Amino acid sequence: MITAIGGVLLRAVVVLSGTAILTFALLWHAPGDPAQAIAMARFDALLSDDVIDQVRQEVGLNTGFWQAFWAWLGPLLRLDFGYSAVTGRPVWPDLWAAMTYTFPLALAGLAIGLALSLPLAILATKRPGGLLDRAAVAIASLGAAIPAYWLGLLLILLFAVQLGLLPAMGARTPAHAILPAVTLGLGVAASLTRIIRSGILEARGQPFLPALRRRGVAGQAVARDHVAPHAAIPVVTLFGLELAFLLEGAVLVEVIFGRPGLGTFLVTAITARDFPHVQAVVVLTALVFVLVNLATDIFYRVIDPRIGAEDA
Amino acid sequence: MRSVALVVTGLVALAVLGPLLAPYDPTAIDIPNRLSGPTQTFPLGTDALGRDILSRLLYGARWSLGLAFLISVLSLIIGTSVGLIAALGGRIADWSLMRATDTFLAFPELVAAVVIAGLMGAGTWSLIFALSVTGWMRYARVARGIGLSVQSRGYVVQARLAGMPGWSIARWHYLPSLIPSLTVVWTGMFARAILGISALGFLGFGVQPPNPEWGAMLLDARVHMRSTPLQMIWPGLAVVSCVLAINLAGDALRDALAKDGQPG
Amino acid sequence: MLTVTDLVVKRGARATLDGISLSVPAAGTLAVVGESGAGKSTLIAAILGLLKPATGVITWNGAPVRAARPALVMQEPRAAFNPALSLRRSVMEPIAAQGITLAEGRLERLCAGLELPLDLLDRRPAQVSIGQAQRAGILRALIAAPPLVLFDEPLSALDAVTQKHTARLIAEVQAEEGFAALIVTHDLGYAVAHGDRIMVLKDGQVEETADAQTFALSPRSPYCRALRDAAISLGALGAAA
């Protein structure tokens, strides 16, 4: 088992390194002269070549790929994200401030999603193929087809504009978080319903269950001790994926609702070609993804030792 | 399979023929009639520049659907090649290609696409590049899995012994096993591409004006949410119905395959 | 003539085959017998070039064995055929792949010899019986007239009656075509009845090689004697052969 975890960790390290290189390559190869773009964004004017060269040197764009890579990677490993190319302020505090808006939103969305999907999935699977089950699948399919930003807009239209019940833009009050969280939660609920439902159905289909029942094990005990753990495996794996995508969804939703979270942070940074900001977000999200996948991977192998044997 | 083919043909037909059905030029500006609700002359109303929304929707199919088709096929080709090379190319190729796949998977698709499209300069080509580069991984995993399982089958060994050339073995012995599963993945990716294109369009990073892409239309409509809320409904509905149709067809295919117990 | 000299196949640090040497003359038959895990399938894979040995030389008439294009008859008849293709298509694969022209009437003659109705070939593998599928497999192995044919437990998937029938057909068609055969089997009775010589494999090594009659009458090693006695008591081997 130690070797299994070791293998997983090695993979994670390789993947993280690859991620770092890819991110850097992306920034490096962005067309147009990044130094010029940064300078223009910073000084808001057309500038002489001297100033542009100065910016280029400052941001470290005048060396070779691998030198620049190590120069770039070093501080990152110390979690030093440097300074904004546009505002000159340190990146981390601004990034952290943005995160304080995004992470709670993601969690709220997850909570709402779970609160909706778990009961629905359990109820639906009580009678597979029955009316509730088919309705649940239909709703979930529909939900998966609705883009989060459209849903958000519709909710704004309904609750903020027409009914005037809830605030829409910005993040001034906690009430401002309701619509974004609900938008996110509904989307998450749609996918989670399908995942949990199929997990339960698959676990129910295990061949040894009828034997257990014949031996007289009570229905509740069967559900608790045999169906639930087995259903947990695919559910947790896909859940891990969902968590990562939750972050993505939160990012989109924030842009719609004008919240000052990672979404707006990223979009502004890209438009202004503020590389330190952009890379901070990319590295952060990639890190979250890899860590979440790592955690589910380990959890998955702990629960079911068979799994490790089949890869590589 | 049949429902998938049906849905896809329908959507592709829409993308190709849609413009023929459009009553107006989607870029024709008509300021006096701007922001009108549904009327006789403009069945779905007009946008802020007086352009007919129905026409824009129909032309938009080319962008939102056509591009999605292109992108999903591109990533299919890339991903399947990677997966097959991993399956057939030996242990080292397998390990390194799968780690590369993991690396690409580590990037949240949409965020990465936004960053790529944004940094490369907003536009159609960056869109295609961004979404293709972030979309091939699922194919690779599936292709590798199937490739590995087919590789050890009796008839493949026999074909190799008989001296059949590699491409012939791939065509006759691997393809029949690959096609069903890859199609299921492809439907999901096609839907994802539609959502991705419109998301990027909505953020302003995708297809640029005056091209009538559905997500971009939503972006335009948002500004006038209070005056003409209906404008917001149509592009969203278009996206939802297309994605739903594809997802349902894909589900039906997946269920049918599960019943057969995966032919081949 | 097939000659294998000092074949060693390793799997990690373990040797699945440890210094195997054997020979099969043209039109002769060598039966390789052994328990599960003795290395029989590995031997076949090595001769066919499906895996790389650590050391050893495998030749046919002095040249690398691959040049003789040896054919294989597998244990599982249906797994040997692509379920999506007709039997005819699969059977003709060696011809198509090697660009040979089939001699006039050869297919019909072989089918007759294997008691396979010609129209059966237009069916898919799932639409014929196991016995017919296995005979189609033999047909495919023989179609390009290879000088050497390897058989990996050719009868194991068949019922007892079909086994006898198929064994007889194999012997007949071998007499017709004149190929050298290496037959891997765990059935000692079959080995003695149809092999010229018998080789017993145990844990990757040659336990004993002898001609069939001698082996049946007096196997040298205790292990082989136990094998023979067990076969006799099961009725697979007539007492005193």
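1. In this predicted model, C:Ala231 counts as buried because 20 C-beta neighbours lie inside 10 Å of it, and a residue needs 20 or more such neighbours to be placed in that class. The residue belongs to helix α9 of chain C. One partner that can be looked up alongside it is C:Gly189, which is 42 residues away in sequence but stands 6.8 Å from C:Ala231 in space, taken from C-alpha to C-alpha.

2. The helix that carries C:Ala231, α9(C), spans residues 222-233 and has twelve residues. From its first C-alpha to its last it reaches 16 Å, which is close to the 16 Å expected at 1.5 Å a residue. Besides C:Ala231, the buried residues of α9(C) include C:Cys224, C:Leu227 and C:Arg228, so the charged residue C:Arg228 appears in the buried set next to residues that count as nonpolar. These buried residues lie on the same side of α9(C), because they cover an arc of only 95° around the axis.

3. Which residues does α9(C) expose on the face turned away from its buried side? That face carries C:Pro222, C:Ala226, C:Asp229, C:Ala230 and C:Ser233, which are exposed. The cover over the buried residues includes four elements of chain C, namely α7 (188-194), β9 (197-202), β10 (205-211) and α8 (212-217). Just after the helix, C:Gly235 takes a positive phi of about 85°, a point that a reader following the backbone out of α9(C) may wish to look at.

4. Elsewhere in chain C, strand β7 (residues 148-152) is mostly covered, and five of its five residues are buried. In a regular strand the side chains alternate between the two faces of the sheet. In β7(C) both faces are covered, with C:Leu148, C:Leu150 and C:Asp152 buried on one side and C:Val149 and C:Phe151 buried on the other.

5. How many bridges join β7(C) to strand β8 of chain C? There are five, and β8(C), made of residues 180-185, runs parallel to β7(C). Strand β6 of chain C (residues 71-73) is also parallel to β7(C), and three bridges join the two. C:Val149 can serve as a reference position in β7(C), since C:Ala71 stands opposite it and C:Val149 in turn stands opposite C:Ala181 in β8(C). The connection from β7(C) to β8(C) includes helix α6 of chain C (residues 160-177), and the three elements together make a right-handed β-α-β unit.

6. Turning to the contacts between chains, 19 residues of chain C are in contact with 14 residues of chain B. On the chain C side, β6 and α3 (93-98) each supply at least two residues, and the largest share, four residues, comes from α3(C). By class, the side of chain C that touches chain B has 13 nonpolar, three polar and three charged residues. Strand β6(C) therefore has two roles in this description, as it is joined to β7(C) by three bridges and also supplies at least two residues to the side that touches chain B.

7. Between chains A and B, 37 residues of chain A are in contact with 37 residues of chain B. The elements of chain A that each supply at least two residues to this side are α1 (2-29), α6 (131-145), α7 (148-162), α10 (219-257), α11 (262-271) and α12 (275-303). Of these, α1(A) gives the most, with seven residues. The side of chain A that touches chain B has 30 nonpolar, five polar and two charged residues.

8. The overall make-up of chains A and B can be set side by side. Chain A comes to twelve helices and zero strands, and buried residues make up 37% of its 312 residues. Chain B comes to ten helices and zero strands, and buried residues make up 51% of its 264 residues. The C-alpha atoms of chain B fill a box of roughly 75 × 40 × 30 Å, taken along the principal axes.

9. A last point concerns contacts within each chain, counted for pairs with a separation of 6 or more. In chain A, residues 24 or more positions apart account for 73% of these contacts, while in chain B such residues account for 69%.

Conventions: Residues are numbered from 1 along each chain as its sequence is written. Chains are lettered from A and ligands numbered from 1 in the order in which they are written. This is a predicted model: local features need pLDDT of at least 70, side-chain atom pairs count only at pLDDT 80 or more; totals for chains, interfaces and linings use all residues. The expected span of a helix is 1.5 Å times one less than its number of residues. A residue is buried if 20 or more other C-beta atoms lie within 10 Å of its own, exposed if 12 or fewer, and partly exposed in between; C-beta atoms are placed from the backbone. The arc is that of the directions from the helix axis to the C-beta atoms. Two residues are in contact if their C-beta atoms, placed from the backbone, lie within 7 Å. Two strands pair if DSSP finds at least two bridges between them. A crossover is right-handed if, with the strands pointing away from the viewer, the path from the first strand over the helix to the second runs clockwise.
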